[in-house]
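Here is a short report for a reader who is new to this structure. Please keep the sequence and the 3D view at hand while reading.

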Amino acid sequence: MLVLSRRVGESVVIGDDITITILEVRSDGIRVGIDAPRSVAVHRAELLVELEASNRDAASPSDAKISSLAEELRRRKR
């Protein structure tokens, strides 16, 4: 990981077309502006982690949910 120190208004350029600019520094966080082509996906890391966990849960239902679904299917066959 590259670690840099930047001041408000200073930027970092990644590749030919991505610019990250420090907009504001507060006591509880930093505001960052990202200028990137629309073809480049920019996501908050915590949302990607949450989405991954949600997808994992959806793909692997609990034993209780599987039992409930099996019971419902048995009832419908009757």
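The text below goes from the domains to the sheet, then to one residue and one pocket.

**Domains**

This is a predicted model. The domain assignment splits the chain into domain 1, residues 1-41, and domain 2, residues 43-77. Their centres, taken over C-alpha atoms, are 37 Å apart.

**The sheet**

Three strands make up an open sheet. Their order is β1-β2-β3, and they pair in the antiparallel sense. The edges belong to β1 (11-14) and β3 (29-35). Each of these has a single partner strand, so one of its sides has no neighbour in the sheet. On average, neighbouring strands of this sheet are turned by 25 degrees against each other, direction ignored. Strands of a sheet pair through backbone hydrogen bonds.

Take the pairing of β1 and β2. Four bridges join these antiparallel strands. V12 stands opposite I20 in β2. S11 has T21 as its bridge partner in β2. The hairpin of β1 and β2 has three residues between the strands. In this hairpin, G15 takes a positive phi near 65 degrees.

Now the other pairing. β2 and β3 run antiparallel and are joined by seven bridges. They too form a hairpin, with two residues between them. The table lists some residues of β2 with their partners in β3.

| Residue | Opposite residue in β3 |
|---|---|
| I20 | I34 |
| E24 | R31 |
| V25 | I30 |

I20 thus appears in both pairings: it stands opposite V12, and its bridge partner in β3 is I34.

**A closer look at T21**

Where does T21 lie? It lies in strand β2, which covers residues 18-26. T21 is the bridge partner of S11. The side chains of T21 and S11 also make a polar contact, at 2.7 Å. Which residues does T21 touch, leaving out those up to four places away in sequence? They are G9, E10, S11, R31, V32 and G33. Two of these residues come back from the pairings above: S11 is the bridge partner of T21, and R31 is the bridge partner of E24.

**The largest pocket**

The largest pocket holds about 150 Å³ of space. Its lining consists of L4, R6, E10, V12, I20, I22, V25 and I30. Which element gives the largest share of this lining? It is β2, with three residues.

The lining also links back to the sheet. V12 and I20 line the pocket, and they stand opposite each other in β1 and β2. V25 and I30 line it too, and V25 stands opposite I30 in β3. E10 is another lining residue, and T21 touches E10.

Definitions and conventions
Residues numbered from 1 in each chain as written. Predicted model: local features only at pLDDT ≥ 70, side-chain atom pairs only at ≥ 80, totals over all residues. Heavy atoms only, no water. Polar contact = N/O pair within 3.5 Å; in protein donor to acceptor, adjacent residues only side chain to side chain. Contact = heavy atoms within 4.5 Å. Pairing = 2+ DSSP bridges. Axes fitted to C-alpha atoms, helices over the stretch in contact; angles between N-to-C directions. Domains from an automatic or database assignment. 1 Å grid on protein atoms, 1.4 Å probe; cavity = no way out; pocket = protein on both sides within 12 Å on 5 of 7 lines; lining within 4 Å. Points joined across faces, edges and corners; volume = space filled by probe spheres on them.
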